[in-house]
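Here are a few exercises to work through with the model open on your screen. Try each task before you read its solution.

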Amino acid sequence: MKALSKLKNEPGIWMVDVPMPEIGPDDVLVKVHKTGICGTDVHIYKWDEWAQQTVPWPMVTGHEYAGEIVELGQNVKDLKIGQRVSGEGHVVGHNSRASRAGKYHLDPDTKGIGVNLPGAFAEYVKIPAFNIVSLPDAVDDEIGAILDPLGNAVHTALAFDLVGEDVIITGAGPIGIMGAAVAKRAGARHVVITDLSDERLALAKQVAPEARAVNVGTENLRDAMKGLGMKEGFDVGLEMSGAPAALDQMLDHLVMGGKVALLGVPARPFVFDLSKVVFRMVTLKGIYGREMFETWHKMLGMLETGLDVRKVITHRMAAKDYAEAFKIAADGKSGKVVLDWGEAQ
Ligand code: ZN
C-alpha cells in the first residue's frame with residue numbers, strides 16, 4: 001500500500017510502498033479516507049530537534065484520520081466491517097495507576113500513532129479497537145479527519161467553566177480558532193482571540209464570527225476590551241501559541257483569580273514572571289491531547305447539535321499532492337490541510 005513515511009534522517013516526507021499492516025486480536029484495520037496534517041506532522045516533516053529525538057525512522061506518520069473498518073481482530077465484538085470511524089491517536093497502556101483508575105489520558109506509557117507507532121498517512125492503518133470512535137452521520141469524513149485537533153480545542157476550552165465568562169485565546173492557529181468557536185458554543189460571554197497574523201485572524205473571523213479578533217501587533221488589547229464593555233479582565237485564558245509574550249500579555253489582562261489552560265508548547269524554555277501568577281492567584285492548567293473518551297463524547301455531541309468548524313479547512317488535496325500540501329501546512333498561514341486518500345496513487 002501507499003504511505004507517507006519519514007524515510008531518512010533529514011527534512012522531508014516521502015510517499016512509499018509499505019506492507020499492509022497486520023492486525024492483532026484486539027485491533028481493527030481502517031481503510032483511510034481522509035487525513036488532516038497536524039503541527040506535529042510539520043515538526044516531523046521539518047525534522048526539528050523535537051522530531052529527531054522523538055520519532056524513530058522509517059516511520060509512517062499522521063494521526064488525524066477518518067475512514068472505514070475493513071477488518072476486525074478476533075476479540076473485537078462490538079465494531080462492524082464498513083463502520084465509519086475516527087479514533088484517538090494515543091495508544092495507552094493499561095497497567096499504570098492512572099489507566100487502572102480510568103484516567104487514560106494520564107497514562108505515562110502512552111504511544112502516539114504516526115509518532116512512534118505506524119500512522120494514518122496511508123491507505124490503511126492498524127488501530128486498537130479500544131481507540132476507535134465511530135462517526136455519527138452528522139460528521140462527514142473531512143470533519144472526521146480533524147477531530148484530533150478539534151478535540152485539543154474542546155479539551156482546552158472545557159478545562160474551566162465558561163458560562164457567562166470573558167475568554168481570551170492567544171494564538172489563532174487552527175486549534176485556537178476552533179477553540180474560539182467552542183468557547184462561544186459553551187456559553188462564554190465575550191471571546192477575544194489574538195495573534196500577530198492578519199491572515200489567521202481573518203480565518204478566525206470566518207470560523208468564529210462571534211469572537212473578536214485582535215492583532216496585538218497593531219491594536220491595543222485594552223482598547224478592544226473597552227470596546228466590548230469589559231471593565232476588569234478576562235476570567236479565563238486559553239493559551240494556544242506557545243509564545244512567551246502571549247502568555248505574559250494574557251496574565252496582564254486576567255482578572256484576579258483568573259484561570260489559564262495551556263495547550264501551546266514553547267519552542268524552548270523561557271524566563272517568565274511567576275509573581276504575576278502568585279499575586280493574582282491565577283490557576284494554570286496544562287492540557288495535552290484529549291480526555292479518553294469524555295472529550296470525544298462532548299465534541300461529537302456539539303457537532304451533532306450545530307457546532308460548525310468546517311471553514312477551518314482551507315485546503316482539500318489529493319494524497320498524491322502531499323509535497324505541495326506539506327509546503328502549505330508548513331508555511332503557517334493556512335487553516336487545516338486535509339488529504340484525500342482515495343487518490344493515493
Ligand atoms: Zn494532531
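**Exercise 1: Helix H7**

On the other side of H7 from its buried residues, Asp198 and Lys205 are exposed. Keep in mind that this is a predicted model.

Task: Work out which residues of H7 are buried, and why they line one face of the helix.

Solution:
- Start with the list: in helix H7 (residues 198–207), Arg200, Leu201, Leu203, Ala204 and Val207 are buried.
- Now look down the axis of H7: the buried residues fall within an arc of 155°, so they line one face.
- Recall the general rule: an α-helix has 3.6 residues a turn, so residues three or four places apart point the same way.
- Next, check what the buried residues pack against: helix H6 (174–185) and strands S12 (191–195), S13 (212–215) and S17 (313–318).
- Finish at the N-terminal end of H7, which Ser197 caps with a side-chain oxygen 3.4 Å from the backbone nitrogen of Glu199.

**Exercise 2: Two ring pairs**

Task: Classify the ring pairs Tyr45–Phe326 and Phe130–Phe293.

Solution:
- Take Tyr45 and Phe326: their ring centres are 5.0 Å apart and their planes sit at 35°, so call this pair tilted.
- Place them: Tyr45 is in helix H1 (residues 39–46) and Phe326 in helix H12 (residues 322–330), so the pair ties together parts 281 residues apart in sequence.
- Both Tyr45 and Phe326 are buried.
- Turn to Phe130 and Phe293: with centres 5.5 Å apart and planes at 75°, the pair is edge-to-face.
- Phe130 and Phe293 are 163 residues apart, each in a loop.
- For exposure, Phe130 is partly exposed at 34% relative accessibility, and Phe293 is partly exposed at 24%.

Technical notes. Residues numbered from 1 in each chain as written. Predicted model: local features only at pLDDT ≥ 70, side-chain atom pairs only at ≥ 80, totals over all residues. Heavy atoms only, no water. Phe/Tyr/Trp six-rings, centres within 6.5 Å; stacked < 30°, edge-to-face > 60°. Helix = DSSP H or I, 4+ residues; strand = E, 2+ residues; numbered from the N terminus. Buried < 20%, exposed > 50% of the residue type's maximum accessible area, 1.4 Å probe, protein only. Arc of directions from axis to C-beta. Contact = heavy atoms within 4.5 Å. Polar contact = N/O pair within 3.5 Å; in protein donor to acceptor, adjacent residues only side chain to side chain.
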